[in-house]
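Morning, everyone. Please have the viewer open in front of you. I'll keep this brisk.

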Amino acid sequence: MTIPTLTTPRLTLRPIHNDDVSAYLSIWSDPEFIRYIGGNSSPSRDGIWHAMAGNIGCWALTGVGPWSVIEQASGELVGRAGLWDEPGWPGVEAVWFIGRPWWGRGYATEAATAAITWVFDAQPDLSEVVSTIAPANTPSIRVAERLGMKLSRTEFLHGSDHHIYTISRTEWLLAGHDTGRVRA
């Protein structure tokens, strides 16, 4: 499978590379960053590499997955965003993990918008996209709301309750998201 590269006005969403380990290690070592997503605040290079391999595996197994997010102005890797799906999951999920130095710039919303637009274009039968968010993670809830997602329900996933935010294909298109606005 070929993983596409997407571009937005400020970001490039590109396939994850082996060279991304150090940048991911730095981002995922921040206790404030992992506060709501879980994980070890002292991750190892091996652990990061295995997580990256799992993200690439998501693409191979489901046809969707996360991208490395690159800030075009600096060329820096600022996080990971895209899509996630796994057996028993509430649906195809929009995900965003932007490193703390880049919080407050709208990058999570911009990257998630590109990913959702891409998946609705790539999978014409997909009726909705979800986001699973820890109830205390108000910054991610605000991103979901900016995307037009609404709280649908709460589910117990990976050991804890998560709010499930959803947006349908119809709602996405009615909000003016044209699949032609994201360049792949």
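I'll go through a pocket, some aromatic rings, two buried polar residues and one loop residue.

One caution before we start. This is a predicted model.

Let's begin with the pocket. How much space lies in the largest pocket? About 1200 Å³. The lining has 47 residues. Closest to the centre are Ile-37, Trp-96, Phe-97, Asn-137 and Ser-140. Find those five on your screen.

Now, which elements build that lining? Helices 1, 2, 3, 4 and 5 each supply at least two residues. So do strands 4, 5 and 6, by the program's numbering of elements. Which of these gives the most? Strand 5, with 6 residues. Strand 5 covers residues 93–98.

What about the chemistry of the lining? By class, 26 residues of the lining are nonpolar. Another 13 are polar, and 8 are charged.

On to the rings. A pair of aromatic rings is described by the distance of the centres and the angle of the planes. How many aromatic pairs does this model have? The count comes to 6. Let me show you two of them.

Take Trp-28 and Phe-33. Their centres are 4.7 Å apart, with 70° between the planes. That makes the pair edge-to-face. Both Trp-28 and Phe-33 are buried.

Next, Trp-59 and Trp-67. This pair is edge-to-face too, at 5.0 Å centre to centre and 70° between the planes. Are these two buried or exposed? Both Trp-59 and Trp-67 are buried.

Some rings join up further. Ring pairs link Tyr-24, Trp-28, Phe-33 and Phe-97 into a cluster. You have met Phe-97 already, as one of the residues closest to the centre of the pocket.

Now for two buried polar side chains. Start with Thr-12, in strand 2, residues 11–14. Why do we call Thr-12 buried? Because its relative accessible area is 18%, and the cut-off for buried is under 20%. What does its side chain touch? A polar contact of 3.3 Å joins the side chains of Thr-12 and Gln-72. Looking beyond four places in sequence, Thr-12 is in contact with several residues, including Thr-5, Ser-68 and Ile-70.

The other one is Asn-55, in helix 3. Helix 3 runs over residues 45–62. Asn-55 is buried, with a relative accessible area of 5%. Its side chain has a polar contact of 3.3 Å with the side chain of Arg-80. Beyond four places in sequence, Asn-55 is in contact with Ile-16, Pro-66, Arg-80 and Trp-84.

Here is a distance to try in the viewer. Asn-55 and Glu-145 are 90 residues apart in sequence. In space, they are 25 Å apart, C-alpha to C-alpha.

Last stop, the backbone. Most residues other than glycine have a negative phi. His-158 has a positive phi of about 50°, although it is not a glycine. Where is the place of His-158? In the loop between strand 7 (150–157) and strand 8 (160–168). Is His-158 buried or exposed? His-158 is exposed, because its relative accessible area is 63% and exposed means over 50%.

That's my tour. Keep the pocket on screen, and let's discuss.

Technical notes. Residues are numbered from 1 along each chain as its sequence is written. This is a predicted model: local features need pLDDT of at least 70, side-chain atom pairs count only at pLDDT 80 or more; totals for chains, interfaces and linings use all residues. Side-chain values use heavy atoms; hydrogens and water are left out. On a 1 Å grid over the protein atoms alone, a cavity is a set of points where a 1.4 Å probe fits but cannot get out, and a pocket is an open set with protein on both sides within 12 Å along at least five of seven lines; lining residues have an atom within 4 Å of a point. Grid points are joined across faces, edges and corners, and a volume is the space filled by probe spheres set on the points. Helices (H or I, at least four residues) and strands (E, at least two) are DSSP runs, numbered from the N terminus. Ala, Val, Leu, Ile, Met, Phe, Trp, Tyr, Cys and Pro count as nonpolar, Asp, Glu, Lys and Arg as charged, and the others, Gly among them, as polar. Buried means under 20% relative accessible area, exposed over 50%, partly exposed in between (1.4 Å probe, protein chains only). A polar contact is a pair of N or O atoms within 3.5 Å; within protein, one must be able to donate a hydrogen and the other to accept it, and residues adjacent in sequence count only if both atoms are side-chain atoms. Contact means heavy atoms within 4.5 Å. Rings of Phe, Tyr and Trp (its six-membered ring) pair if their centres lie within 6.5 Å; planes under 30 degrees apart count as stacked, over 60 as edge-to-face and the rest as tilted.
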